[in-house]
Amino acid sequence: MGDLEARIRRLEDVQEIGQLRARYCQYLDDGRWDELAGLFTEEGRFVGLSTASGRSELRTFFAGLQRGPLTAWWHFSANETVTVDGDAASGETWLYQPCVVDGEAQVAAGRYTDSLVRQDGRWLFTERKVTFFWWVPLTAGWDAGRIGWAPADGALDPRYRG
(Lines give C-alpha, C1' and ligand atoms only; values in the text may rest on other atoms or scores of the structure.)
Protein backbone atom coordinates (compact mmCIF):
# COMPACT_ATOMS: atom_id res chain seq x y z
CA MET A 1 0.00 0.00 0.00
CA GLY A 2 1.37 3.42 -0.87
CA ASP A 3 2.08 6.00 1.81
CA LEU A 4 -1.00 8.08 0.99
CA GLU A 5 -3.24 5.01 0.97
CA ALA A 6 -1.80 3.88 4.31
CA ARG A 7 -2.37 7.30 5.85
CA ILE A 8 -5.96 7.41 4.61
CA ARG A 9 -6.58 3.86 5.87
CA ARG A 10 -5.25 4.85 9.32
CA LEU A 11 -7.50 7.93 9.42
CA GLU A 12 -10.48 5.79 8.46
CA ASP A 13 -9.58 3.22 11.13
CA VAL A 14 -9.27 5.90 13.82
CA GLN A 15 -12.64 7.37 12.77
CA GLU A 16 -14.34 3.95 12.79
CA ILE A 17 -12.93 3.15 16.23
CA GLY A 18 -14.23 6.50 17.50
CA GLN A 19 -17.68 5.60 16.17
CA LEU A 20 -17.46 2.17 17.83
CA ARG A 21 -16.73 3.84 21.18
CA ALA A 22 -19.60 6.30 20.70
CA ARG A 23 -22.04 3.50 19.83
CA TYR A 24 -20.94 1.64 22.97
CA CYS A 25 -22.00 4.61 25.14
CA GLN A 26 -25.24 5.16 23.24
CA TYR A 27 -26.29 1.49 23.21
CA LEU A 28 -25.44 1.13 26.91
CA ASP A 29 -27.41 4.24 27.85
CA ASP A 30 -30.37 3.26 25.64
CA GLY A 31 -30.51 -0.35 26.90
CA ARG A 32 -29.85 -1.81 23.45
CA TRP A 33 -28.25 -4.97 24.86
CA ASP A 34 -28.06 -7.09 21.70
CA GLU A 35 -26.49 -4.27 19.71
CA LEU A 36 -24.13 -3.50 22.59
CA ALA A 37 -22.94 -7.11 22.81
CA GLY A 38 -22.50 -7.07 19.03
CA LEU A 39 -19.78 -4.43 19.41
CA PHE A 40 -17.57 -7.15 20.93
CA THR A 41 -16.00 -10.18 19.27
CA GLU A 42 -17.69 -13.53 20.00
CA GLU A 43 -15.20 -14.06 22.84
CA GLY A 44 -14.97 -10.36 23.80
CA ARG A 45 -14.68 -9.32 27.44
CA PHE A 46 -15.79 -6.44 29.61
CA VAL A 47 -13.69 -6.02 32.76
CA GLY A 48 -14.51 -3.61 35.56
CA LEU A 49 -17.49 -3.78 37.89
CA SER A 50 -17.40 -7.47 37.04
CA THR A 51 -15.98 -9.56 34.22
CA ALA A 52 -18.24 -10.75 31.43
CA SER A 53 -16.91 -12.83 28.53
CA GLY A 54 -18.70 -13.71 25.30
CA ARG A 55 -21.69 -12.00 23.77
CA SER A 56 -24.32 -13.93 25.72
CA GLU A 57 -22.67 -13.18 29.06
CA LEU A 58 -22.14 -9.54 28.02
CA ARG A 59 -25.87 -9.14 27.23
CA THR A 60 -26.81 -10.59 30.61
CA PHE A 61 -24.25 -8.52 32.53
CA PHE A 62 -25.14 -5.16 30.97
CA ALA A 63 -28.91 -5.73 31.20
CA GLY A 64 -28.49 -6.79 34.82
CA LEU A 65 -26.93 -3.46 35.78
CA GLN A 66 -30.30 -1.73 35.57
CA ARG A 67 -32.03 -4.41 37.66
CA GLY A 68 -29.96 -3.45 40.71
CA PRO A 69 -29.45 -0.19 42.57
CA LEU A 70 -27.93 1.54 39.50
CA THR A 71 -31.15 2.75 37.87
CA ALA A 72 -29.95 5.39 35.39
CA TRP A 73 -26.70 6.49 33.79
CA TRP A 74 -25.32 8.62 30.99
CA HIS A 75 -21.86 7.91 29.54
CA PHE A 76 -19.70 10.67 28.08
CA SER A 77 -16.26 9.84 26.72
CA ALA A 78 -13.37 12.06 25.67
CA ASN A 79 -9.57 12.23 25.47
CA GLU A 80 -9.50 9.29 23.08
CA THR A 81 -6.23 7.72 22.03
CA VAL A 82 -5.73 4.84 19.65
CA THR A 83 -2.78 3.00 18.15
CA VAL A 84 -3.57 0.99 15.04
CA ASP A 85 -1.33 -1.90 13.98
CA GLY A 86 -2.84 -3.59 10.96
CA ASP A 87 -6.02 -5.35 12.06
CA ALA A 88 -5.39 -4.76 15.78
CA ALA A 89 -5.67 -1.59 17.82
CA SER A 90 -5.46 -0.40 21.41
CA GLY A 91 -6.05 2.82 23.28
CA GLU A 92 -7.79 4.67 26.07
CA THR A 93 -10.87 6.82 26.46
CA TRP A 94 -11.74 8.84 29.54
CA LEU A 95 -15.23 8.50 31.00
CA TYR A 96 -17.55 10.91 32.81
CA GLN A 97 -20.73 9.28 34.09
CA PRO A 98 -23.55 10.98 35.96
CA CYS A 99 -25.81 8.27 37.31
CA VAL A 100 -28.47 7.38 39.89
CA VAL A 101 -27.81 4.76 42.59
CA ASP A 102 -30.62 3.89 45.01
CA GLY A 103 -32.43 7.07 43.99
CA GLU A 104 -29.42 9.30 44.72
CA ALA A 105 -27.62 11.39 42.10
CA GLN A 106 -24.00 10.27 41.79
CA VAL A 107 -21.08 10.97 39.52
CA ALA A 108 -18.25 8.75 38.36
CA ALA A 109 -15.17 9.34 36.27
CA GLY A 110 -12.56 6.95 34.96
CA ARG A 111 -10.98 5.48 31.88
CA TYR A 112 -11.68 2.70 29.43
CA THR A 113 -8.67 0.74 28.19
CA ASP A 114 -9.51 -0.92 24.89
CA SER A 115 -8.14 -3.79 22.85
CA LEU A 116 -9.74 -4.02 19.42
CA VAL A 117 -9.58 -6.10 16.28
CA ARG A 118 -10.87 -5.70 12.75
CA GLN A 119 -13.08 -8.68 11.81
CA ASP A 120 -14.96 -8.98 8.55
CA GLY A 121 -14.16 -5.35 7.77
CA ARG A 122 -15.41 -3.83 11.04
CA TRP A 123 -13.75 -2.90 14.31
CA LEU A 124 -14.85 -4.75 17.46
CA PHE A 125 -13.77 -4.78 21.09
CA THR A 126 -11.81 -7.84 22.19
CA GLU A 127 -11.64 -6.31 25.66
CA ARG A 128 -12.97 -3.13 27.22
CA LYS A 129 -11.72 -2.50 30.75
CA VAL A 130 -13.00 0.29 32.96
CA THR A 131 -11.19 1.72 35.96
CA PHE A 132 -12.55 4.59 38.03
CA PHE A 133 -10.91 7.75 39.28
CA TRP A 134 -13.89 8.31 41.61
CA TRP A 135 -17.57 7.35 42.07
CA VAL A 136 -19.44 9.36 44.69
CA PRO A 137 -22.80 10.86 45.62
CA LEU A 138 -23.05 14.21 43.90
CA THR A 139 -23.61 16.01 47.21
CA ALA A 140 -20.37 14.58 48.68
CA GLY A 141 -18.06 16.00 46.03
CA TRP A 142 -15.27 14.02 44.46
CA ASP A 143 -11.59 13.47 44.67
CA ALA A 144 -9.10 10.99 43.28
CA GLY A 145 -9.71 7.55 44.74
CA ARG A 146 -12.97 8.43 46.49
CA ILE A 147 -15.46 5.61 45.97
CA GLY A 148 -18.99 5.87 47.35
CA TRP A 149 -20.52 2.88 45.57
CA ALA A 150 -19.00 -0.40 46.76
CA PRO A 151 -19.09 -2.31 43.43
CA ALA A 152 -16.90 0.39 41.86
CA ASP A 153 -14.17 -0.13 44.46
CA GLY A 154 -12.93 -3.27 42.70
CA ALA A 155 -12.41 -1.22 39.55
CA LEU A 156 -10.60 1.69 41.22
CA ASP A 157 -7.72 2.84 39.04
CA PRO A 158 -4.59 1.45 40.78
CA ARG A 159 -2.95 4.88 40.59
CA TYR A 160 -5.46 6.12 43.18
CA ARG A 161 -5.29 3.28 45.71
CA GLY A 162 -4.03 4.54 49.04
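Arg111 is buried, with a relative accessible area of 8%. The model is a predicted one, and Arg111 is a convenient place to enter it.

Arg111 takes part in a salt bridge with Glu92, in which N and O are 3.0 Å apart. Glu92 belongs to strand E6 (residues 88-101) and Arg111 to strand E7 (residues 104-119), so this contact ties together parts that are 19 residues apart in sequence. Unlike the buried Arg111, Glu92 is partly exposed, at a relative accessible area of 26%; that value is not under 20%, so Glu92 does not count as buried.

Arg111 also forms a salt bridge with Asp157, and here the closest N and O atoms are 3.3 Å apart. Asp157 comes from the segment after helix H4 (150-153), while Arg111 is in strand E7, so the pair connects parts that are 46 residues apart in sequence. Asp157 has 0% relative accessibility and therefore counts as buried.

Another group of charged residues is a network: salt bridges with shared partners join Arg9, Asp13, Asp87 and Arg118. Within this network, Arg9 and Asp13 make a salt bridge whose closest N and O atoms are 3.6 Å apart. Both residues lie in helix H1, four residues apart, which is about one turn of the helix. Arg9 is partly exposed, at 33% relative accessibility, whereas Asp13 is buried, at a relative accessible area of 2%. In total, the model has 16 salt bridges.

The aromatic residues come next. The model has 14 aromatic pairs. One of them is formed by Tyr24 and Phe40, an edge-to-face pair with 6.4 Å between the centres and 65 degrees between the planes. Tyr24 sits in helix H1 (residues 3-30) and Phe40 in strand E1 (residues 40-47), so the contact ties together parts that are 16 residues apart in sequence. Both Tyr24 and Phe40 are buried.

Tyr24 has a further edge-to-face partner in Phe125, with 5.8 Å centre to centre and 75 degrees between the planes. This pair links distant parts of the chain, since Tyr24 is in helix H1 and Phe125 in strand E8 (residues 122-137), 101 residues apart. Phe125 is buried, as is Tyr24.

These residues belong to a wider group. Tyr24, Phe40, Phe46, Phe61, Phe62, Tyr112 and Phe125 make up one aromatic cluster. Arg128 meets two of its rings: Arg128 lies over the face of Tyr24, at 4.4 Å from the ring centre, and the charged end of Arg128 also sits over the ring of Tyr112, 3.9 Å from its centre.

Strand pairing places several members of the cluster. E1 and E8 pair in the parallel sense, over four bridges, and Phe40 stands opposite Phe125 in E8. Phe40 and Phe125 are thus set opposite each other by the strands, and each also forms an edge-to-face pair with Tyr24 of helix H1.

E1 has another neighbour in strand E2 (residues 51-53): these two strands run antiparallel and are joined by three bridges. The connection from E1 to E2 is a hairpin of three residues. Across this pairing, Phe46, a member of the aromatic cluster, stands opposite Ala52 in E2.

Conventions. Residues are numbered from 1 along each chain as its sequence is written. This is a predicted model: local features need pLDDT of at least 70, side-chain atom pairs count only at pLDDT 80 or more; totals for chains, interfaces and linings use all residues. Side-chain values use heavy atoms; hydrogens and water are left out. Rings of Phe, Tyr and Trp (its six-membered ring) pair if their centres lie within 6.5 Å; planes under 30 degrees apart count as stacked, over 60 as edge-to-face and the rest as tilted. Buried means under 20% relative accessible area, exposed over 50%, partly exposed in between (1.4 Å probe, protein chains only). A charge sits over a ring if NZ of Lys or CZ of Arg is within 6 Å of the ring centre and within 35 degrees of the ring normal. Two strands pair if DSSP finds at least two bridges between them. A salt bridge is a side-chain nitrogen of Lys or Arg within 4 Å of a carboxyl oxygen of Asp or Glu.
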